[in-house]
Amino acid sequence: MTTEPDTELIEAGRKLFAGDWRFAYAAPSIETLPPMGAVEIAFAGRSNVGKSSLINALTGRNALARTSHTPGRTQELIFFEGPPTGGLRLVDMPGYGYAQAPKTKVAAWTTLIHKFLLGRASLARVYVLIDSRHGLKDVDTEILKTLDKAAVSYQLVLTKADQVKPAELAACIEATKAALAKHPAAFPDVLATSSRSGEGMAELRAAIMRLLEERSS
């Protein structure tokens, strides 16, 4: 059963993400990052895990974040800003792992990701997206270790939940939770989402609202 505070957070999240969201900055290097100010929530994940699609579903927009079937299309840190009263930025990070780009370029934006995670005081949480059809991979574990080292709060979000059977999804959630026990900076709850069906979006918005409340208190 949903408790009253959760109902309030879900509604607050719906209102915030139904507001005006827009592209704000593209940072190809640490030197070009925008000034810190608003609370930042970043989305990380393997190439083609569905980061851009999730951001679009979260904000109820079809083309806020650029989606592509080509792994490695996002090669910069992309910042989106919401309503001024919300005080929140979303950050679409370059996908890690396989990408159809020169190795030197992949290395450059992998370095950018790690530097951003290690030195951004306004970064409140990283949502690490995991394809529910495949579960955690070694390349994901490396990012989790970086987040542990940086002491950045993070939470795992399973994507494409509509593309697996309920029993397989439940098993993936349990396996992911078990793996998280080894990672001290990880938030223990695992969210299952689908950008296509909208599953889990209300819960993800509520989790972000709870985080904003904690940061402001």
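This briefing describes the nonpolar cores and some salt bridges of one predicted model. Local features need pLDDT of at least 70 and side-chain atom pairs count only at pLDDT 80 or more, while totals for chains, interfaces and linings use all residues. Residues are numbered from 1 along each chain as its sequence is written, and side-chain values use heavy atoms, with hydrogens and water left out.

**Nonpolar cores**

- The largest nonpolar core (buried Ala, Val, Leu, Ile, Met, Phe, Trp, Tyr and Cys residues joined through side-chain atoms within 4.5 Å) has 34 residues, and those with the most contacts inside it include L77, M93 and F116.
- Among the elements that give two or more residues to this core are β3 (77–81) and α3 (103–118), where helices (H or I, at least four residues) and strands (E, at least two) are DSSP runs numbered from the N terminus.
- Apart from it lies another core, of 31 residues, among them F43 and I208.

**Salt bridges**

- The structure holds 11 salt bridges, each being a side-chain nitrogen of Lys or Arg within 4 Å of a carboxyl oxygen of Asp or Glu.
- R46 and D140 form one of 2.4 Å, N to O, and this pair links distant parts of the chain, 94 residues apart.
- D140 is buried, with a relative accessible area of 0%, where buried means under 20%, exposed over 50% and partly exposed in between (1.4 Å probe, protein chains only).
- In the salt bridge of D131 with R133, D131 is buried at 4%, whereas R133 is partly exposed at 39%.
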